[in-house]
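Me: I should like to learn how the contacts between the parts of a model are read. May we go through them in order, beginning with the domains?

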Amino acid sequence: MKYRLLAGGSVLVMAAALSACSSPSDSASGDGRTTVDVWLMRDSVSDTFQKEFTADFEKRHPKIDVKIQIQEWDGIGQKITAALASNDAPDVIEAGNTQVAQFAESGGLLDLSDRKDELNGADWLSGLAEPGAYEGKQYGIPYYAANRVVIYRTDLFEKAGIDAKEIKTRDQWVDATTRLNQGGTQGIYLPGQMWYALAGFIWDEGGDLATESGGKWSGALDTPEALRGMAFYEQLQALGKGPKDSDEDDPPQAEVMAQGKVAQVISTPGGANVIVEKNPELKGKLAFFPIPGKTADTPGSVFTGGSDLVVPAAAAHPDEAVTFIKELTGDTWQKKLAVAMSYVPNRTSLASAVAGDPGAAAMAVGAAEGHATPNTPGWAAVEAENPIKDYMTAVLTGGDPAKEAAKASQDITRAMNAGS
Amino acid sequence: MSTRTVRPVVPVRPRLRRLPLNIAAAVTVVICLFPVYWMISTAFKPSKDIQSADPQLFPHTWTLTHFQRAVDADGFALFWRNSILVTLGAVLLALLVALGAAFAVARMRWKGRRQFMLMVFIAQMAPWESLIIPVYIISRDTDMLDRLPTLTLIYFMITLPFTIVVLRGFIGTIPPELEEAAQVDGCTRTGAFWRVAMPLLAPGLMATSLFGFITAWNEFAYANFLIIKQQDNRTLPVWLSSFQNTFGTDWGATMAASTLFALPALVIFLLLQRHVTSGFAAGAVKG
Amino acid sequence: MPVAVEPTSAPRTPRQRPAPHPAARRKPAGRAHGLWPYALIAPAIGGMLYLLVYPLVRAVLISFQDFRLRQLISGNAEFVGLRNYRTLLADPRFWEVVRRTFLFMAVNVVLIMVIATLVALMVERLRRVGRTVVLCSLVLAWAMPVVAATTVFQWLFHSEFGIANWALTSIGLDSFERYPWFANGTAAFAILVTLIVWQSVPFAAITLYSALTTVPLELYESARLDGAGAGRIFRSVTFPMLRPIFLLVFSLEVIWTFKAFVQIWVMTRGGPGDATTILPVYAVQTALSSQRYDLGSAASMITVILMSGVLVLYFRQMFRQEDETR
């Protein structure tokens, strides 16, 4: 009897389920309002900012509803692929600036070249505008930029008698970090796979991640310059307890620093907000300095990171999507975003918005030595598979750097040329 | 029921003789249960005890905060509901379709029977991981992306071949004479089957649906790739796999979420343990 | 908790007659069986054709086409004959993956079969209570959902707070202090094997145990009277009786470990390096990360072909039993 009861019950449930689910996703409701679907990345905007922006946007555009869904960086390439290829894609997607080329090449993005003026294209940051363009057409609209700086604990520095302003060279940096790395305190929390930081060290030495010759890209981690960059990374990584086998997202380094036992992390300045949010006791105890270079007169090289906004070719509401982008990248909200999240605004003319911000000041120093990953559709495949991370872990756990670097370079070469 | 112990020919001190056996049994139990236990106990421990250099085998203090965090997380109830709906839908559909097919195979003689079973066996081995892209394309072209019924249909197909094989085994164990007797009493053939064989089949149906349930409840790859824009339609495995991104270092909440995800399967399996363990002997294995 | 584990074949008396189903009132069409069987299998056939055969055909087509992100988005893929297969077969990395797949499968299957047989023999010798407890714990391990189990294993082997490192350190193996399991290829491989063996042994052990209970006791007794030892009895009585079931469980485990994907994907994504990349993972990686759906499909097809060697064994067994039961 029990069985039949159970089965009968589940038939009912199932019937309810099917009827509940069969209504198609209908974004245009009866009263003529349209919903613009937006994908933003985790930590790209704060909750408060998102709410304020949405409320303001919907007030100014009463016919448009905004639906923002937050995506994780992990596996995002695959997710965007699936979205671009579907019939009912989101209207606006935030994509990392290194990813846009690949999607642009595939024909899945809307060409926004003719909206460039409307969107203040004249003074976009080149670090965002160039990766957003492919074969002369503009697909990605610059959203924000950020590069990495050192976030440090002022109280711990004071206690150790270190003046952060004095740290101008790598040697001084290592020296100070060694002194901080005592007792329960980690001098620096540097997870083993923070490859953007490694890239900076390699650029400092004059090396690169990959080089092009005759239209063919090949990995360059096994050059003497790149190996020196890795050696420095290894030296620095040992001055703390960062896990050798994961990146800064696993566990999120802001959470680790919020636990109060870490003197420094390498992060975008916005990370400081997250740290304070997790542990309010650290409010006022965090400050920034640019990543030191090899000598005092050049700051450390950094990767110019950031995001572009793209509109899928399959988007249902391209016009509303552009309206959304226009608002989010317009003067008002760019300034607010830059201040709230410590980003570099998407246009040079807005730089003054964050002039008073210490994080932005530290970023600006580094930005002078800003670099980008190879601007080719093949690069996204490297990031998706990321042999660089495996290489770093292998070296940090005792592998032979030259051998591992040669292997990783081969993998990069293969990945970059797999698509062609 | 007689114990099937192999009795020693020469009665030596039986207790001592059984000691290695009992130790082996204890080790098996510990190995089987430890991960399950560790998941549940971590879920109940306060965070500071979880992240300590000295893990406690038994929680000193118990807390429900991790469960609270997991349940309060965005959309947890929704994803739980989605998983249940999709799974039950797939299992019931598979049972219904498989019952007909299994009956035809076990009770009737017809041309192509052998070929049909071959097809079922092959289908059981289908390389589902490799079919994601074509299934994606087909769903897109028929406007079935982002929808739970699509997942239901796929899970139905994943579990169907197995269900047919097992049910056929069960039907095979019911003597046709019972139905024939009923037919003599004036029932139609189908009527005889429903009245006489079905009650006997109940345990078989239960056992079969368990396997279907666990397969569908677990499925990750399709749920991950076919639900794109309507994130409210995600299922638990997908949510759980992204849980670490959302909750960071909070292993307590992660384990609480895992516990809540595993719970239905654990409870159902434990309750129906007897059918689970006998299911294969009577069903799949005797083919 | 129900204890007795007996084959369900013992017919139970129907307690109550269920209400007749509406279908029961209909007359069966035609004489004898007529079209009835075909009507009964039609939904199953339809489902298989549309949800399995059709996607499979599409996958085969893709493997002969130039099919990348552009073609996924806009269609119009060109046929390129065997080019994708040539590319794959000429790639040493692919062969490395094939070798690793077979190693992975062999290690898993051998461990699963040996452990499961031992557990089954042990359960048979246990007394009632012990047997129930062991069977229940096997069932619990079996019921543990894959994604949940994978997550738990990640936690067990966490480099900082994992209990595995704690246990190893506290018995004096100091090198396991904060040992990053997932950074070392061999260690990651070993953890995945442990996970898969842990998940697969219950099914195999329970099935083998159920089969053991069907071996007539008299056979054991006469063997013992002939003076055979335990090992001898297993070889000459138990194993031959269970051979068909051994073969079945064996083929199923081969197929299941060959297809192990979710565990690897959730835990390591095939890393570190390629250390845990087996064929299904390779296929998905190629398709989704490098956007080479054509190469990914070709790799899947090669996987299917390699697997069919095992399948032949399985089908032969299936049909031998088929013929016996008729």
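Reply: Let us begin with the domains of chain A in this predicted model. Chain A is divided into domain 1 (30–146 + 305–370) and domain 2 (149–304 + 373–418). The centres of domain 1 and domain 2 of chain A, taken over C-alpha atoms, are separated by 26 Å.

Me: How many residues of domain 1 of chain A are in contact with domain 2 of chain A?

Reply: In that contact, 29 residues of domain 1 of chain A meet 29 residues of domain 2 of chain A. On the domain 1 side, α4 (100–106), β6 (141–146), β13 (305–310) and α14 (358–367) of chain A each supply at least two residues. The largest share, eight residues, comes from α14(A). By class, this side has 14 nonpolar, eleven polar and four charged residues.

Me: Which element of chain A gives the most to the side that touches chain C?

Reply: That element is α3(A), with four residues. Overall, 19 residues of chain A are in contact with 21 residues of chain C. The residues on the chain A side divide into seven nonpolar, eight polar and four charged.

Me: At what angle do helix α4 of chain B and helix α2 of chain C pack?

Reply: Helix α4 (residues 76–107) of chain B and helix α2 (residues 36–63) of chain C pack at about 130°, with their axes 8 Å apart. The two helices are therefore oblique to each other, and their crossing is left-handed. Residues making the contact include Val97(B) and Phe103(B) of α4(B), and Leu40(C) and Ile41(C) of α2(C). By class, the contact has ten nonpolar, two polar and no charged residues.

Conventions: Residues numbered from 1 in each chain as written. Chains lettered and ligands numbered in written order. Predicted model: local features only at pLDDT ≥ 70, side-chain atom pairs only at ≥ 80, totals over all residues. Axes fitted to C-alpha atoms, helices over the stretch in contact; angles between N-to-C directions. Parallel < 35°, antiparallel > 145°, perpendicular 65-115°, else oblique. Left-handed = near helix turned anticlockwise from the far one by under 90°. Contact = placed C-beta atoms within 7 Å. Nonpolar A, V, L, I, M, F, W, Y, C, P; charged D, E, K, R; others polar. Domains from an automatic or database assignment.
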